[in-house]
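This report describes one protein chain, going from its order of elements to its strands, helices and core. Please keep the sequence and the structure in view while reading.

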Amino acid sequence: MSAKAAIHKEVFVPHGEKMLAAVQVKRKTKKKIPFLATGGQGDYLTFICLSVTNKKPALLTITKVKKFQGSPAFVKRSQWAIDQLRQVNGIDSNKDSPEFDLTFDTAYDQWVAGSAGEKCTFVQILHHTCQRYIPSRKPEFVNCQSKLLGGNSILHSAADSVTSAVQKASQALNERGERLGRAEERTADMMNSAEQFAVTAHKLAMKHKC
């Protein structure tokens, strides 16, 4: 199981949430964490995750998730409601870069993603989510490439793929239901015929005995 799949299963599913996106990050300037706070030597993995509740109205959060050395589990360390996000800084609007900054009402973090592609996917999904779920006072996205904020995002093709998959699954289920219905009808007819045959055979046997 991948780290992101494990985070979704361990951190979000038990709380009735669905993880929409996650990016593995490191700080531009690594903070020193006390030994007692980590339960180890200070080595850890960090992920920034975007999630939404399954229940309506949908509540979206950005969560910092860590896994410390020697620990088998991922744990939440910090969490912000999506409307606390004030700015996403893509650092360079002219080229791919793994760096990005997040500014909240009460926090400011500078991150470096595992790759430029991973960062771009996360920022793209985050932007799309903010546009969809925040009615007013949306966070500003600065120094971001146009491909992350424009209409030709991977989200549209992904959404089309999901819609197509749902439609195909629904059609398959309907066809399966129709086949099952026809099979049930045939089975019922066969059972009726068998029952009638058994009754007729029983009557004939009784006549021969007489």
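From the N terminus on, the elements of the protein chain follow the order α-β-α-β-β-β-β-β-β-α-β-α-α. That comes to five helices and eight strands, where helices (H or I, at least four residues) and strands (E, at least two) are DSSP runs, numbered from the N terminus. The model is predicted, so local features need pLDDT of at least 70 and side-chain atom pairs count only at pLDDT 80 or more, while totals for chains, interfaces and linings use all residues. Residues are numbered from 1 along each chain as its sequence is written, and side-chain values use heavy atoms, with hydrogens and water left out.

**The chain as a whole**

Of the 210 residues of the protein chain, 31% count as buried; buried means under 20% relative accessible area, exposed over 50%, and partly exposed in between (1.4 Å probe, protein chains only). The accessible surface of the chain is about 13400 Å², and carbon and sulfur atoms hold 54% of this surface. Such areas come from the Shrake-Rupley method with a 1.4 Å probe, and for residues only the protein chains shown count as cover. Among contacts between residues at least 6 apart in sequence, 54% join residues at least 24 apart; contact means heavy atoms within 4.5 Å.

**Strand pairing**

Two strands pair if DSSP finds at least two bridges between them. The table gives four such pairs, with a bridge or opposite pair of residues for each.

| Strands | Sense | Bridges | Residue pair |
|---|---|---|---|
| Strand 2 and strand 3 | antiparallel | nine bridges | Thr46 and Lys66 |
| Strand 3 and strand 4 | antiparallel | six bridges | Thr61 and Ala81 |
| Strand 5 and strand 6 | antiparallel | four bridges | Asn89 and Asp101 |
| Strand 6 and strand 7 | antiparallel | five bridges | Leu102 and Asp109 |

Hairpins link some of these strands. Six residues form the connection in the hairpin from strand 2 to strand 3. The hairpin of strand 3 and strand 4 also has six residues between the strands, and there Gly70 takes a positive phi near 90 degrees. Strand 6 is joined to strand 7 by a hairpin through three residues.

How many of the nine residues of strand 3 are buried? Eight are, so strand 3 is largely enclosed by the rest of the structure. Lys64 lies in this strand, and with a relative accessible area of 7% Lys64 is buried. Not counting residues up to four places away in sequence, Lys64 touches a list of residues including Arg27, Phe47, Trp80, Asp109 and Trp111.

**Two helices**

In helix 1 (residues 3-12), the buried residues are Ala6, Ile7, Val11 and Phe12. Seen down the axis of helix 1, these residues fall within an arc of 165 degrees, so they line one face of the helix; the arc is that of the directions from the helix axis to the C-beta atoms. They pack against strand 1, strand 2, strand 3 and strand 4 (75-81).

Helix 3 covers residues 116-133, and at 1.5 Å a residue its 18 residues should span 26 Å, which agrees with the 26 Å between its end C-alpha atoms. The expected span is 1.5 Å times one less than the number of residues. The buried residues of helix 3 include Phe122, Val123, Leu126 and Cys130.

**The nonpolar core**

In soluble globular proteins, nonpolar side chains tend to be buried together. A nonpolar core is here a set of buried Ala, Val, Leu, Ile, Met, Phe, Trp, Tyr and Cys residues joined through side-chain atoms within 4.5 Å. The largest one has 27 residues, of which Ile48, Leu50, Ile62, Ile82, Leu85, Leu102 and Leu126 touch the most other members. Elements that each supply at least two residues of this core include strand 1 (17-27), strand 5 (85-89) and helix 3. Which element gives the largest share? Helix 3 does, with six residues. Apart from this core lies another, of ten residues, among them Ala6, Met19, Ala22 and Cys49.

Leaving aside neighbours within four places in sequence, Leu85 is in contact with residues that include Ile62, Leu102, Leu126, Cys130 and Pro139.

Val88 belongs to strand 5 and, at 1% relative accessibility, counts as buried. Val88 and Asp101 are 13 residues apart in sequence, yet their C-alpha atoms are 5.8 Å apart in space. Beyond four places in sequence, the contacts of Val88 include Asp101, Leu102, Val123, Leu126 and Phe141.
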